[in-house]
2 protein chains.
Amino acid sequence: MTDLVTPTDADREDAAAVRDQGVAHMKWWGWGVPGVAFHFEDKPAFAPFVLKAVGLDLHASSPLEQPDFAALDVPASIADAPLREAMGAAVGADRVADDDLDRVVHTYGKSIRDLIKVRAGRLPRVPDLVVYPADEAAVQAVVDAVVAHDAVLIPFGGGSNIAGSLEPMPGESRPVVSVDLGLLDRVLDVDEGSGLARVQAGVLGPSLEAQLNARGWTIGHFPDSFTHSSLGGWIATRSSGMQSDKYGDIADIARGMRVARPGGLLDLRATPSASTGPSVREMILGSEGRLGVITEAVVQVHRVPAKRSIHAYFFPNWRAGTKAMRQIAASDVHPAITRVSDGRETGFSLSTSKESKGFGAFAQKALFAFLQRRGWNLDEMCLSFIGYEGEPAHVAKQRRAVERIVKRNGGISVGTGPGVLYDQKKFDTPYLRDFLLDRGTAGDVSETSVPWTGLDRMHDGVIAAAEAAYESLGRKGWIMSHLSHSYHSGACLYFTFAFVMGDDPEAEYDVVKQAIQQAFIDLGGVPSHHHGIGVEHAPWLPDVLSEPGIDVLEGLFAATDPGRNLNPAKITAN
Amino acid sequence: MTDLVTPTDADREDAAAVRDQGVAHMKWWGWGVPGVAFHFEDKPAFAPFVLKAVGLDLHASSPLEQPDFAALDVPASIADAPLREAMGAAVGADRVADDDLDRVVHTYGKSIRDLIKVRAGRLPRVPDLVVYPADEAAVQAVVDAVVAHDAVLIPFGGGSNIAGSLEPMPGESRPVVSVDLGLLDRVLDVDEGSGLARVQAGVLGPSLEAQLNARGWTIGHFPDSFTHSSLGGWIATRSSGMQSDKYGDIADIARGMRVARPGGLLDLRATPSASTGPSVREMILGSEGRLGVITEAVVQVHRVPAKRSIHAYFFPNWRAGTKAMRQIAASDVHPAITRVSDGRETGFSLSTSKESKGFGAFAQKALFAFLQRRGWNLDEMCLSFIGYEGEPAHVAKQRRAVERIVKRNGGISVGTGPGVLYDQKKFDTPYLRDFLLDRGTAGDVSETSVPWTGLDRMHDGVIAAAEAAYESLGRKGWIMSHLSHSYHSGACLYFTFAFVMGDDPEAEYDVVKQAIQQAFIDLGGVPSHHHGIGVEHAPWLPDVLSEPGIDVLEGLFAATDPGRNLNPAKITAN
């Protein structure tokens with residue numbers, strides 16, 4: 001509900017400027033497409049909120065100029081002629097790129113650390129070649145040629161990764177090939193009787209949905225990165241979308257998979273469920289390129305529901321909100337979305353609202369006054385979204401059942417208005433991060449999952465850890481959170497944090513990020529619920545898998561990629 | 001709904017005779033406990049049914065004598081003194097067994113091939129020692145000592161496996177140690193707020209449920225083997241229970257795991273969901289001992305539902321029944337059980353009913369006459385069970401929604417009577433197999449999963465393949481099927497087959513079993529939906545994982561067990 005700008009037709013034309021090889025890329029220095037940006041002039045509460053949260057005076061600060069690509073010192077490609085020829089033979093000579101822009105675009109994902117580095121021209125290692133295979137056979141040829149030439153291969157989908165899964169390791173002395181899957185973007189087949197679609201792995205969210213919607217289907221997978229992330233990337237990082245309570249995480253959705261591995265194509269039959277030994281399917285899921293390049297998947301698809309609505313609720317405080325979510329998860333009701341923001345995030349959401357005029361403004365004031373008279377502390381009030389899908393009668397029944405639980409926990413319904421806004425604006429948040437970065441403020445996200453009984457303790461503990469980190473930096477910082485993705489035994493907690501950067505933004509970011517990650521572990525959570533491990537979260541993997549678990553993972557990688565050609569040192573160092 | 005005998009108190013006393021080390025075992029020559037058996041005298045339709053199905057005249061045949069253990073030629077243990085001492089040091093000297101009965105009990109699972117072999121005294125290789133560790137530390141010590149002595153370790157839960165996962169390989173020249181987990185049978189802790197229970201892996205179904213029920217909880221996992229299978233065994237074979245539509249398969253239920261591996265304990269944190277690389281959890285699931293010995297798991301548990309009912313329905317034919325199941329899966333309704341038997345299995349179920357007297361008999365006759373007048377062919381009529389759980393209002397709503405779908409597909413409701421019987425008798429079927437085996441008739445089961453669009457074709461194709469196999473053997477045989485475990489994209493098809501054995505039962509069984517398994521593959525299914533791979537289903541694994549998928553599995557095993565000490569040659573040959 002950040003109410004950001006969305007692209008105009010003119011913006012879309014600008015975006016075409018970064019298209020190369022027929023594949024659209026995000027800006028090299030930030031999220032999304034050129035010409036699209038967050039602006040706050042029509043949001044009167046935003047500047048005061050930012051001033052209070054991180055001490056940044058938006059009216060006094062002026063944004064940085066758009067970074068100048070020409071000023072970057074991009075290391076030359078070390079790809080030798082035989083490798084170039086082999087890549088040309090694999091994908092066609094015109095689909096091998098080595099220009100600096102293409103290589104820089106494929107160097108990092110879009111974490112705040114990535115953006116800080118790329119804007120500062122910190123490019124210790126960039127891919128030496130970028131290849132654009134147009135079909136599965138070309139991907140397989142690339143994989144085999146990379147191994148034959150003892151090069152390194154890193155698959156690239158939409159480039160939205162925030163775990164450091166895409167970057168070449170700084171010390172890598174072998175040539176690095178980024179394999180951009182962008183041309184593999186088609187829905188190949190829909191088995192309408194089974195609700196299964198065969199889809200190429202490079203397709204981005206909007207194109208996938210458009211192709212499916214045209215036939216009356218949806219995948220039901222809508223991560224925040226949706227507009228710029230790919231099916232293959234979702235699988236390779238175990239992504240989760242905001243309607244996962246109904247449709248499942250990508251690990252549930254993706255049934256069959258085809259993976260180009262050294263020596264040949266790994267082809268897992270799509271099956272509703274199977275008892276066929278340790279799950280190879282679940283080894284591909286989350287593998288971040290270390291087992292090969294995902295070329296295709298058979299995914300579950302659903303008929304576009306007859307009715308879909310997102311209702312907003314207010315709870316008097318966080319405890320009441322999470323208790324309601326837990327009671328919903330334990331009940332016979334199964335909404336498509338369960339989400340509740342803490343008081344801080346609720347305050348942030350309200351601050352990003354456009355200036356309300358006329359009756360709306362009066363109504364909001366009247367509501368808040370009423371709640372205060374009921375004893376609510378508006379700073380602790382929590383905004384919640386619950387999504388319902390299905391036949392209209394089912395939606396109505398589910399809503400009634402949920403609202404009984406909401407009421408029992410002291411919450412009130414605010415109708416569908418905010419939900420409609422949330423639904424429209426849900427993919428725009430990353431633009432806000434770029435807006436802040438342009439003004440010297442680092443913002444990023446980190447998420448975990450935790451059993452219900454540990455959830456409130458996790459929430460409070462992570463906030464305390466971040467605040468201690470800000471304190472140690474002598475910096476004013478902000479952190480806020482929401483619960484999303486409910487499961488039988490617990491839920492995901494998603495944190496957004498921001499602070500004004502000093503002289504060494506990377507080191508400062510590390511202090512805050514590490515404090516948050518360590519709190520995840522200390523309080524019974526996991527290093528990531530749906531963003532993957534990469535290099536960013538790897539230090540905390542032994543804490544949840546144990547050292548023998550890491551040995552198993554490293555054994556798997558060593559056995560299946562003895563030459564360490566496939567995105568080495570991601571997930572585990574070995 | 002086979003309506004078999006259940007144990008009396010006297011039977012339970014007999015059963016104590018096979019207890020050893022404080023761990024109850026099944027009969028060495030068959031399923032379950034002594035003194036319990038199927039009998040047909042009170043089921044007037046049964047003998048005619050068997051005569052028609054497989055040509056066996058029960059009135060003319062007399063059962064075999066109970067096999068004589070003393071007549072078996074059990075190979076001597078090859079465990080040397082150092083290994084025995086090491087095992088004694090690990091578990092305590094009194095918990096190391098090498099007597100013939102204990103070793104034979106731990107040689108096989110309970111597939112029909114296992115029973116044929118053990119009754120015939122075919123024992124090319126039996127475990128050399130059986131150890132009964134009483135705690136996790138003892139299991140870890142056993143694992144480390146087995147590796148140090150280059151012996152072979154095979155974990156043993158309830159011994160109900162039917163995929164050949166438990167047997168020592170005939171050519172194994174190293175000593176083989178069967179690790180019986182029976183003493184690790186306690187629920188250690190219930191996190192009531194999160195619905196998670198920490199449970200030792202050796203616990204059998206009834207004890208687990210009793211311990212959970214005492215606190216108001218249930219695991220909701222009820223495979224046919226429930227009375228004699230263990231939590232660790234469920235995990236090691238990716239088991240599925242009959243209420244999986246609500247509670248999930250064991251792969252969903254088991255969140256955290258502890259596994260004794262060479263060098264140390266692998267300890268996976270229990271988490272609602274995580275994005276932490278290739279899933280080590282999903283490598284342990286289905287691993288059949290090849291990655292170590294599962295000692296403990298954290299499993300999802302649910303409050304015992306306020307209401308639980310199983311309703312029976314009749315459909316005019318198989319197509320109508322499966323179409324209804326598919327429509328239920330695609331609807332907003334989520335029953336706990338969806339099951340429909342084909343006409344053959346429905347006929348079998350009716351034949352196992354006790355003689356009906358008084359009004360019941362009249363009612364059944366009247367119902368069938370009515371259906372015939374409606375144009376139903378009673379031989380094609382299909383019995384279905386749908387289970388509902390939750391709050392009474394939810395159960396009522398779900399039932400109404402399901403019954404609209406049933407009606408739309410020409411089905412009729414038969415009320416809860418047969419469902420109550422099914423629920424009471426569901427774990428007794430294996431006793432019927434022993435009854436038939438005692439009379440020279442082999443019966444076994446084989447199951448697959450398949451997308452909805454391939455389901456009817458799979459059903460008909462497997463039956464045709466089995467009938468062709470019977471034909472090639474010149475034997476009268478029987479095969480019947482039901483659909484159970486519905487998923488978004490398909491369901492499990494479960495086949496039961498039987499034939500009167502000739503001179504070489506094992507070879508004859510192979511002909512039938514292979515025909516069925518090959519049909520699974522040829523028609524788009526998997527080698528097993530919930531029984532595991534072992535040695536029995538291994539030949540068909542490459543068909544669904546592809547050779548590169550097998551390479552990945554074999555790489556995992558080679559890397560994590562270089563000495564091939566952990567149940568070698570199961571799942572894959574290498």
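These exercises work through a core, a pocket and several residues of a predicted model.

Local features need pLDDT of at least 70 and side-chain atom pairs pLDDT 80 or more, while totals for chains, interfaces and linings use all residues; side-chain values use heavy atoms, without hydrogens and water. Residues are numbered from 1 along each chain as its sequence is written, and chains are lettered from A and ligands numbered from 1 in the order in which they are written.

**Exercise 1. Find the residues with the most contacts inside the largest nonpolar core.**

Step 1. Fix the term. A nonpolar core is a set of buried Ala, Val, Leu, Ile, Met, Phe, Trp, Tyr and Cys residues joined through side-chain atoms within 4.5 Å. Buried means under 20% relative accessible area, exposed over 50%, partly exposed in between (1.4 Å probe, protein chains only).

Step 2. Read off the core. It has 125 residues, and Val299(A) and Val299(B) have the most contacts inside it.

Step 3. List partners of Val299(A), leaving aside neighbours within four places in sequence. Contact means heavy atoms within 4.5 Å. Among the partners are Leu196(A), Val199(A), Ile219(A), Leu231(A) and Ile253(A).

**Exercise 2. Locate the UniProt "active site" residue and describe its surroundings.**

Step 1. The unreviewed UniProt entry places this feature at Tyr494(A). UniProt positions are given in the numbering used here, feature names are shortened, and annotations may be inferred rather than shown by experiment.

Step 2. Tyr494(A) sits in strand 18 (residues 490–500) of chain A. Helices (H or I, at least four residues) and strands (E, at least two) are DSSP runs, numbered from the N terminus.

Step 3. Tyr494(A) counts as buried because its relative accessibility is 8%.

Step 4. Residues up to four places away in sequence are not counted. Tyr494(A) then touches residues including Asp224(A), Glu447(A), His482(A), His530(A) and His531(A).

**Exercise 3. Compare the settings of Arg290(A) and Val293(A), both listed by UniProt under "binding site" (unreviewed entry).**

Step 1. Arg290(A) is in the loop between helix 11 (281–284) and strand 10 (293–300) of chain A. Val293(A) is in strand 10 of chain A.

Step 2. Arg290(A) is buried, because its relative accessible area is 2%. Val293(A) is buried too, at 1% relative accessibility.

Step 3. Count no residue up to four places away in sequence. Arg290(A) touches, among others, Phe557(A), Asp561(A), Arg564(A) and Lys570(A). Val293(A) touches residues including Val139(A), Leu153(A), Leu181(A) and Arg258(A).

**Exercise 4. Describe the lining of the second largest pocket.**

Step 1. Its volume is about 1,000 Å³. Of 33 lining residues, the closest to the centre are Leu350(B), Ser351(B), Ser353(B), Gln364(B) and Phe368(B). On a 1 Å grid over the protein atoms alone, a pocket is an open set of points where a 1.4 Å probe fits, with protein on both sides within 12 Å along at least five of seven lines; lining residues have an atom within 4 Å of a point. Points are joined across faces, edges and corners, and the volume is the space filled by probe spheres set on them.

Step 2. Helix 14 of chain B gives the largest share of the lining, 7 residues.

Step 3. The lining divides into 18 nonpolar, 8 polar and 7 charged residues. Here Ala, Val, Leu, Ile, Met, Phe, Trp, Tyr, Cys and Pro count as nonpolar, Asp, Glu, Lys and Arg as charged, and the others, Gly among them, as polar.

**Exercise 5. Is Glu391(B) buried or partly exposed?**

Step 1. Glu391(B) counts as partly exposed, because its relative accessibility is 48%.

Step 2. Not counting residues up to four places away in sequence, Glu391(B) touches Asp332(A) and Ala306(B).
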